[in-house]
Amino acid sequence: MSQPVIDKIMVGKPKTFGNKDAKHPMEREWTTGIVKYSVKGDIWVGKTNLGGDGQADLKRHGGPEKAIFVEEGLSYPIFGASLFVLVSFTTDLG
């Protein structure tokens, strides 16, 4: 049996996309905590989150029972073979 290995630690603060004055529902403002970036070196681990990390929906994410999400690495090749999702965020600064 092999020992667990930490491959990546990813953190990020919630970001807001869209336009709060938009008429079309798909262009309305929304906030998400899904945008994460890899960090290197030591990182603070607290009871409710990691240093530099944040959640937009504190009812369903973060907190003492949900402070750290761990994904077993063997599932990534399976997901990659059967599912491809392309997400692009655009902002009209015009």
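This section describes the fold, the salt bridges, two buried loop residues and a surface patch of the structure.

The model is predicted. The protein has 94 residues. Its secondary structure comprises one helix and four strands. Along the sequence these follow the order β-β-β-β-α. Of the residues, 18% count as buried. The exposed area is about 8600 Å². Carbon and sulfur atoms supply 59% of that area. Among contacts with a separation of 6 or more, 38% join residues 24 or more positions apart.

Two salt bridges are found in the model. One of them pairs Asp-53 with Lys-36, with an N to O distance of 2.6 Å. This pair links distant parts of the chain, its two residues being 17 residues apart. Asp-53 sits in the loop between E4 and H1, while Lys-36 belongs to the loop between strand E3 (30-32) and E4. Side chains of opposite charge can pair when their charged atoms come close. The two partners differ in their accessibility class. Asp-53 has a relative accessible area of 8%, under the 20% limit, and therefore counts as buried. Lys-36 is at 26%, so it falls in the partly exposed class, between 20% and 50%.

The other salt bridge joins Arg-60 and Asp-57. Its closest N and O atoms are 2.9 Å apart. Arg-60 reaches a relative accessible area of 53%; this is over 50%, so the residue is classed as exposed. Asp-57 is partly exposed, at 25% relative accessibility.

Asp-53 takes part in further polar contacts. Its side chain reaches the backbone nitrogen of Gly-12 at 2.9 Å. The side chain of Gln-55 also makes a polar contact with that of Asp-53, at 3.1 Å. The 2.6 Å approach to the side chain of Lys-36 is likewise a polar contact. Beyond its neighbours within four places in sequence, Asp-53 is in contact with Val-11, Gly-12, Lys-13 and Lys-36. Gly-12 and Lys-36 thus appear in this contact set, and each also has a polar contact with the Asp-53 side chain.

Gln-55 lies in the loop between E4 and H1, as does Asp-53. Gln-55 has a relative accessible area of 18%; the limit for burial is 20%, so Gln-55 counts as buried. With residues up to four places away in sequence left out, Gln-55 touches Pro-14, Thr-48, Asn-49, His-61 and Gly-62.

Another loop contains Ala-22. This residue is placed between strand E2 (15-17) and E3. Ala-22 is buried, at 16% relative accessibility. Outside its neighbours within four places in sequence, Ala-22 is in contact with Glu-27 and Arg-28.

A nonpolar patch lies on the surface. Val-45, Ile-68 and Val-70 form this patch. Together they present about 300 Å² of accessible area. Val-45 is located in the loop between strand E4 (37-39) and helix H1 (75-82). That loop also holds Asp-53 and Gln-55. The loop between E4 and H1 therefore contributes both a residue of the surface patch and residues that are buried, being under 20% relative accessible area, namely Asp-53 and Gln-55.

Technical notes. Residues numbered from 1 in each chain as written. Predicted model: local features only at pLDDT ≥ 70, side-chain atom pairs only at ≥ 80, totals over all residues. Heavy atoms only, no water. Patch = residues over 30% accessible without salt bridge, like charges linked within 9 Å, V, L, I, M, F, W, Y side chains within 5 Å. Areas by Shrake-Rupley, 256 points an atom, 1.4 Å probe, with all protein chains shown as cover. Salt bridge = Lys/Arg side-chain N within 4 Å of Asp/Glu carboxyl O. Buried < 20%, exposed > 50% of the residue type's maximum accessible area, 1.4 Å probe, protein only. Polar contact = N/O pair within 3.5 Å; in protein donor to acceptor, adjacent residues only side chain to side chain. Contact = heavy atoms within 4.5 Å.
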